[in-house]
Amino acid sequence: TVDDIVARLDTAATTLSGDGDPVRLLVTLAVPSDEVLYGVFGAPSPDMVTAACRLAGLPHQRLTADVGTRIRG
């Protein structure tokens, strides 16, 4: 489930952050009809995001750096 995936990514990010470099899963967006889950991470480098995804057992299919967001309330 999405909750399980998010928990695995959070745990991996926390584990890697214990090594000194902060990695945080900031936002997830699930699109069930496309079988896609987007994650927005805060990390010092794309390599850290890759490491977090691999540690969670969920290697990403695509990674884009420097993404901007706008959230309307």
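The following exchange explains how several descriptions of this predicted model are reached.

User: Why is Thr50 called buried?

Analyst: The relative accessible area of Thr50 is 15%. Buried means under 20%, so Thr50 is buried. Thr50 lies in helix H2, residues 46–55.

User: What makes the pair Thr50 and His60 a polar contact?

Analyst: The side chains of Thr50 and His60 are joined at 2.9 Å. A polar contact requires a pair of N or O atoms within 3.5 Å, and 2.9 Å satisfies that limit, so the pair is given this name. Leaving aside neighbours within four places in sequence, Thr50 is in contact with His60 and Leu63.

User: Which other residues of H2 are buried, and what do the buried residues pack against?

Analyst: Besides Thr50, the buried residues of H2 are Met48, Val49, Ala52 and Cys53. The buried residues of H2 pack against helix H1 (2–17) and strand S2 (36–42). Just after H2, Gly57 takes a positive phi of about 80°.

User: Why is Pro46, which is also in H2, described as partly exposed?

Analyst: Pro46 has a relative accessibility of 42%. Buried means under 20% and exposed means over 50%; 42% falls in between, so Pro46 counts as partly exposed. Leaving aside neighbours within four places in sequence, Pro46 is in contact with Leu63 and Ala65.

User: How do you know that strands S1 and S2 pair?

Analyst: Two strands pair if there are at least two bridges between them. Seven bridges join S1 (residues 24–31) to S2, so the two strands pair, and they run antiparallel. Leu25 stands opposite Phe41 in S2. S1 and S2 form a hairpin with four residues between them.

User: What is notable about Glu35, and why is it called exposed?

Analyst: Glu35 lies in the loop between S1 and S2. Phi of Glu35 is near 55°, a positive value in a residue other than glycine. Most residues other than glycine have a negative phi. The relative accessible area of Glu35 is 76%; exposed means over 50%, so Glu35 is exposed.

User: Why is Asp66 called exposed?

Analyst: At 81% relative accessibility, Asp66 is over the 50% limit, so Asp66 counts as exposed. Asp66 is found in the segment after H2 and has a positive phi of about 55° although it is not a glycine.

User: How do you know that the buried residues of H1 line one face of the helix?

Analyst: The buried residues of H1 are Val6, Leu9, Ala12, Ala13 and Leu16. Seen down the axis of H1, these residues fall within an arc of 130°, so they line one face. The face turned away from that buried side carries the exposed residues Asp3, Thr11 and Thr14. What covers the buried residues of H1 includes S1, S2 and H2.

User: What makes the span of H1 close to the expected value?

Analyst: H1 has 16 residues and reaches 22 Å from its first C-alpha to its last, while 22 Å is expected at 1.5 Å a residue.

User: Which residues have the most contacts inside the largest nonpolar core, and which helix gives the most to it?

Analyst: This core has 13 residues, and those with the most contacts inside it are Leu9, Leu16, Val23, Leu25, Phe41 and Cys53. H1 gives the most to this core, with five residues. Leaving aside neighbours within four places in sequence, Cys53 is in contact with Leu9, Phe41, Leu58, Pro59 and His60. In soluble globular proteins, nonpolar side chains tend to be buried together.

Definitions and conventions: Residues are numbered from 1 along each chain as its sequence is written. This is a predicted model: local features need pLDDT of at least 70, side-chain atom pairs count only at pLDDT 80 or more; totals for chains, interfaces and linings use all residues. Side-chain values use heavy atoms; hydrogens and water are left out. Buried means under 20% relative accessible area, exposed over 50%, partly exposed in between (1.4 Å probe, protein chains only). A polar contact is a pair of N or O atoms within 3.5 Å; within protein, one must be able to donate a hydrogen and the other to accept it, and residues adjacent in sequence count only if both atoms are side-chain atoms. Contact means heavy atoms within 4.5 Å. The expected span of a helix is 1.5 Å times one less than its number of residues. The arc is that of the directions from the helix axis to the C-beta atoms. A nonpolar core is a set of buried Ala, Val, Leu, Ile, Met, Phe, Trp, Tyr and Cys residues joined through side-chain atoms within 4.5 Å.
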